[in-house]
Amino acid sequence: MDFETLLSYQWGVMMPEFIILGVAVALSLIDLFIPENRNRQLLGLFAFVGVAVSFVSLLGLWTSDVTSILDDTFRLDSFAKSFKALLLIGSALVLLLAIHYEPNERIAYRGEFYYLFLTALLGAMMMASSGDLITLFVGLELLSISSYILVAIRKKHTLANEAALKYVITGSIATAITLFGMSYIFGFTGSTNIKEIAVQLASTSDENHQYVLSLAFLLTFVGLSFKLASAPFHMWAPDVYQGATTPVVSFLSVVSKTAGFVIVLRVIVSVFAQTPAGSSASMLMTLAPYIAFLAGATMIIGNTIALRQRNVKRMLAYSSVAHAGYVLVAFASLSMFMFEAIWFYLLAYVFMTIGAFAILQVVSQHHDDEDISIFAGLYRRSPLMAIAMTIFLLSLAGIPGTAGFIGKMNIFLGAFIVEPAHYVLASIMVITTVISYVYYFGIFVQMFFRPVEHTHRLEWPPGVIAVVVICVIGTVLLGVFPNIAYDFLAPFEHFSDFLQ
């Protein structure tokens with residue numbers, strides 16, 4: 001590839017990624033020359049500004065046409081733009097939490113957190129725009145390796161070391177399974193380009209070939225289910241959530257999970273949604289019952305095990321597992337509004353989850369504990385924050401008037417507008433949602449009906465206050481005026497350019 005060919009590419013479509021990469025490199029160099037005893041909060045602010053500038057540059061590309069560069073390995077389409085927006089919004093909120101995170105034990109290499117965070121974000125953004133299996137896998141590994149290190153950032157913390165070890169082992173196995181499934185796809189088609197793979201698979205009618213492709217589908221989906229923390233590949237989640245710092249947990253719960261659904265949609269829908277020649281249904285439609293079974297098991301296991309948790313982080317870990325199941329319902333239904341339903345639910349999940357973790361961060365740091373009892377009497381000590389936490393929990397529970405309710409309703413209705421309708425899956429969704437009220441309302445009981453153990457007021461850092469306010473506004477607005485989000489997606493016309 002000569003120099004003139006390189007100049008001919010429209011590099012402007014990668015501007016959000018270039019900004020994140022540039023800021024990450026700059027932070028790593030600046031951190032080298034700052035004395036060890038100096039505060040690293042300025043690095044966090046620099047990272048936050050970088051994410052904000054990247055988001056502004058993404059908005060500048062919002063109405064641009066579908067653009068493909070580097071031999072179709074990088075695509076800027078409606079799917080990429082909408083999900084990058086989720087990743088950047090979630091990352092900006094998490095960075096505000098991280099700036100004010102002050103654990104009792106000192107983190108020796110705090111500066112590393114910010115540029116490792118940005119490299120993980122860069123990997124997730126590359127996944128959203130990938131048009132090739134190789135690019136997709138590189139983005140996945142960039143996200144995964146950075147996440148492993150972030151979990152172990154507290155080197156002398158026993159739970160953090162245990163969590164990181166479990167995360168690395170299970171993550172490596174899942175990556176190997178994913179790669180094994182992708183190797184079948186490549187071996188069958190001779191290409192790693194997603195569009196070319198889809199075209200070739202659409203012309204395949206041999207039943208023997210269909211069995212091989214079914215195996216490729218199941219291997220790839222099983223491997224990616226680890227990133228989603230869906231049952232039965234969720235066992236890493238509670239230990240990692242308990243051992244990692246609260247900002248890292250927020251990142252894994254929101255940004256990493258969103259990236260997991262990005263790669264599932266990019267690979268599974270793009271490759272397996274085409275109807276083969278001589279067949280009446282696509283492979284994705286044929287194997288949808290397996291996805292539905294996984295969704296039902298995920299909702300049941302996540303919500304029932306959460307009932308027994310006293311540690312709030314572990315409780316929210318199993319809650320995260322259950323929410324992965326809710327999103328999988330939309331994926332199993334394959335309705336014409338699947339992309340919009342998943343995108344809206346993940347947007348709502350960003351606000352309600354990061355908001356809950358923001359309040360948990362301050363309360364748990366104050367008590368040096370994560371037991372549910374730390375919320376006892378919070379309404380008397382900090383009434384506004386108790387009300388905010390109530391809004392987040394109501395949204396997580398899917399109570400009307402919140403973003404979580406609209407998100408669940410979209411998915412629930414999507415299960416009925418397809419043929420055949422998923423009555424069993426929708427029933428499981430309703431029942432498990434009701435079960436979730438028990439452990440969410442357990443925190444309500446602590447905040448409003450338990451005596452105060454400490455009378456002095458909690459100190460709320462300005463960054464945490466900003467996160468809580470933004471998340472409350474987002475949760476309420478999306479619950480009352482959901483059209484705001486859909487107006488945001490208006491230029492995309494139901495993601496019609498996804499397979500162009």
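Helices, which are H or I runs in DSSP of at least four residues, and strands, which are E runs of at least two, are numbered from the N terminus in what follows. By that definition, the protein chain has 21 helices and two strands. The radius of gyration of the chain, taken over C-alpha atoms, is 22 Å. The globule rule, 2.2 Å times the number of residues to the power 0.38, gives 23 Å for 500 residues, so the chain is as compact as a globular protein of that length.

Before I continue, a word on the source. This is a predicted model, in which local features need pLDDT of at least 70 and side-chain atom pairs count only at pLDDT 80 or more, while totals for chains, interfaces and linings use all residues. Residues are numbered from 1 along each chain as its sequence is written, and side-chain values use heavy atoms, with hydrogens and water left out.

Let me turn to the chain as a whole. Along the principal axes, its C-alpha atoms fill a box of roughly 70 × 55 × 40 Å. I shall call a residue buried when its relative accessible area is under 20%, exposed when that area is over 50%, and partly exposed in between, with a 1.4 Å probe and protein chains only. Of the 500 residues, 60% count as buried. Contact here means heavy atoms within 4.5 Å. Among contacts between residues at least 6 apart in sequence, 79% join residues at least 24 apart.

Two buried residues illustrate such packing. Ala-295 is found in helix 13, residues 288-306, and has 0% relative accessibility, which means that Ala-295 counts as buried. Which residues does Ala-295 contact, leaving aside its neighbours within four places in sequence? They are Gly-325, Leu-328, Val-329 and Leu-425. From C-alpha to C-alpha, Ala-295 is 9.7 Å from His-323, a residue 28 places away in sequence.

His-323 appears again in the surroundings of Leu-396, which touches His-323, Tyr-349, Met-352, Thr-353, Lys-408 and Tyr-440 when residues up to four places away in sequence are not counted. Leu-396 lies in helix 17, residues 383-397, and counts as buried because its relative accessibility is 3%. The C-alpha atoms of Leu-396 and Ala-356 are separated by 9.5 Å, with their positions 40 residues apart along the chain.

A charged side chain may also be buried, and Lys-81 is the case in question. Is Lys-81, at 3% relative accessibility, buried or exposed? Lys-81 counts as buried. Lys-81 belongs to helix 4, residues 78-99, and its side chain reaches the backbone oxygen of Trp-62 at 3.0 Å.

Glu-36 offers a contrast. Glu-36 sits in the loop between helix 2 (15-33) and helix 3 (41-60), and is exposed because its relative accessible area is 70%. From Thr-433, Glu-36 is 397 residues away in sequence and 48 Å away in space, C-alpha to C-alpha.

I now come to the backbone. The loop between strand 1 (67-69) and strand 2 (74-76) holds Asp-71, and Asp-72 is found in that loop as well. Asp-71 has a positive phi of about 60° although it is not a glycine, and Asp-72, also not a glycine, has a positive phi of about 65°. Asp-71 is exposed, with a relative accessible area of 67%, whereas Asp-72 counts as buried at 14%. Elsewhere, the peptide bond from Ala-231 to Pro-232 is cis, with omega near 0°. Pro-232 lies in the loop between helix 9 and helix 10 (236-243).

Finally, the interior space. A cavity is a set of points, on a 1 Å grid over the protein atoms alone, where a 1.4 Å probe fits but cannot get out, and its lining residues have an atom within 4 Å of a point. How many cavities of 30 Å³ or more does the structure hold? There are four. The second largest has about 70 Å³ of space, a volume being the space filled by probe spheres set on the points, which are joined across faces, edges and corners. Its lining includes Leu-140, Tyr-148, Thr-175, Phe-226 and Lys-227. The elements that give two or more residues to this lining are helix 6 (133-151), helix 7 (158-189) and helix 9 (207-228). By class, the lining has five nonpolar residues, five polar and one charged; Ala, Val, Leu, Ile, Met, Phe, Trp, Tyr, Cys and Pro count as nonpolar, Asp, Glu, Lys and Arg as charged, and the others, Gly among them, as polar.

Notes: On a 1 Å grid over the protein atoms alone, a cavity is a set of points where a 1.4 Å probe fits but cannot get out, and a pocket is an open set with protein on both sides within 12 Å along at least five of seven lines; lining residues have an atom within 4 Å of a point. A polar contact is a pair of N or O atoms within 3.5 Å; within protein, one must be able to donate a hydrogen and the other to accept it, and residues adjacent in sequence count only if both atoms are side-chain atoms.
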